[in-house]
Amino acid sequence: FEAQKVKISKPVAGLLLSAICSDTIGLKSLTTTEYDRLAVKKLLKLSKVKNLRAYSNELLEAGNIYSSLSPVELAHYDYKVYTVGTKRMGIGQLHSTNSEQLAALEKELVPFMQENFASFGVDMYFMMLTNLDSFATKLLCFGDNSLATAQKAFGQESDTIILPNAVSRKKQIVPPLQKALQ
């Protein structure tokens, strides 16, 4: 817009701000760039948004549709498959600022995945339950050696894998799992 000297209206500024906030989790994700920060600074003024954190949280929760999804839809909602050598691993991610909702999702997903894991056609399936307030991720593990692989990848011995400050599948979850599988 600036390069073309196009004036950004308040509604368009709000849409652009929403897109950046959604993609960068309110500028808190590791994937946030300096360009994102500069753009948000300008868009905040143009959109007249006063509190970026409150706006981002409201935006993230407004997009939260998990309560309307079945377990199969939840398991496929934000799901990607990666191949490491001969192993295929699926990694899904659900996120919320509401820890009670994350606990309810886990309660719904665990029995479903235990019963239906084979239908995914992967050797291992990992579900990231990410709390966007604390930036912690609980990693649910399904499939042969999935827990052992996660324990090795993240240097943990517990049967419950909790990863502080881990929100990016691409930068924080996939690389350690790939390394553990090599």
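**Exercise 1. An aromatic pair**

Is Tyr79 buried or exposed? Establish this for the predicted model, and then describe the ring pair to which Tyr79 belongs together with Phe120.

*Solution.*
Step 1. The relative accessible area of Tyr79 is 19%. Buried means under 20%, so Tyr79 is buried.

Step 2. The partner is judged in the like manner: Phe120 has a relative accessibility of 10% and therefore counts as buried.

Step 3. The structure holds five aromatic pairs. In the pair of Tyr79 and Phe120, the ring centres are 5.6 Å apart and the planes stand at 70°. An angle over 60 degrees counts as edge-to-face, so this pair is edge-to-face.

Step 4. Tyr79 belongs to strand β1 (residues 79-84), while Phe120 is found in the loop between α5 (99-116) and β3 (124-131). With their positions 41 residues apart, the pair links distant parts of the chain.

Step 5. Ring pairs also join Tyr79 and Phe120 with Tyr125 and Phe142 in a cluster.

**Exercise 2. The chain as a whole**

State how many helices and strands the protein chain has, and describe their order and the overall dimensions of the chain.

*Solution.*
Step 1. The protein chain contains seven helices and five strands.

Step 2. Along the sequence, these elements follow the pattern α-α-α-α-β-β-α-β-β-α-β-α.

Step 3. The C-alpha trace spans about 55 × 35 × 25 Å along its principal axes.

Step 4. The protein chain has 182 residues, of which 45% count as buried.

Step 5. When contacts between residues at least 6 apart in sequence are considered, 62% of them join residues at least 24 apart.

**Exercise 3. Helix α1 and its end**

Determine which residues of α1 are buried, which helices they pack against, and what follows the helix.

*Solution.*
Step 1. Helix α1 covers residues 10-24, that is, 15 residues. The distance from its first C-alpha to its last is 21 Å, close to the 21 Å expected at 1.5 Å a residue.

Step 2. The buried residues of α1 are Ala13, Gly14, Leu17, Ser18, Ile20, Cys21 and Thr24. They pack against α2 (34-47) and α3 (52-62).

Step 3. Thr24, which lies in α1, counts as buried at 0% relative accessibility. Apart from its neighbours within four places in sequence, Thr24 is in contact with Ser29, Thr32 and Asp36.

Step 4. After α1 comes Ile25, with a positive phi near 50°.

**Exercise 4. The packing of α6 and α7**

Find the angle at which α6 and α7 pack, classify their arrangement, and list the residues that make the contact.

*Solution.*
Step 1. Helix α6 (residues 146-154) packs with helix α7 (residues 169-181) at an angle of about 110°, and their axes are 8 Å apart.

Step 2. Angles of 65 to 115 degrees count as roughly perpendicular, and therefore α6 is roughly perpendicular to α7.

Step 3. On the side of α6, the contact is formed by Thr149, Ala150, Lys152, Ala153 and Phe154. On the side of α7, Gln172, Ile173, Pro176, Leu177, Ala180 and Leu181 take part.

Step 4. Sorted by class, this contact of α6 with α7 has eight nonpolar, two polar and one charged residues.

**Exercise 5. Three loop residues**

Compare Lys48 and Phe135 by phi, and then locate Pro164 and identify its contacts.

*Solution.*
Step 1. Lys48 has a phi near 65°, a positive value in a residue other than glycine. Phe135 also has a positive phi, near 60°.

Step 2. Lys48 is placed in the loop between α2 and α3, and Phe135 in the loop between β3 and β4 (136-142).

Step 3. Lys48 has a relative accessible area of 52% and is therefore exposed, whereas Phe135, at 10% relative accessibility, counts as buried.

Step 4. Pro164 is situated in the loop between β5 (161-163) and α7. Its relative accessible area is 61%, so Pro164 is exposed.

Step 5. Leaving aside neighbours within four places in sequence, Pro164 is in contact with Phe135 and Ala136. The C-alpha atoms of Pro164 and Ala136 are separated by 4.3 Å, although the two residues are 28 residues apart along the chain.

Notes
Residues numbered from 1 in each chain as written. Predicted model: local features only at pLDDT ≥ 70, side-chain atom pairs only at ≥ 80, totals over all residues. Heavy atoms only, no water. Axes fitted to C-alpha atoms, helices over the stretch in contact; angles between N-to-C directions. Helix = DSSP H or I, 4+ residues; strand = E, 2+ residues; numbered from the N terminus. Parallel < 35°, antiparallel > 145°, perpendicular 65-115°, else oblique. Contact = heavy atoms within 4.5 Å. Nonpolar A, V, L, I, M, F, W, Y, C, P; charged D, E, K, R; others polar. Expected span 1.5 Å × (residues − 1). Buried < 20%, exposed > 50% of the residue type's maximum accessible area, 1.4 Å probe, protein only. Phe/Tyr/Trp six-rings, centres within 6.5 Å; stacked < 30°, edge-to-face > 60°.
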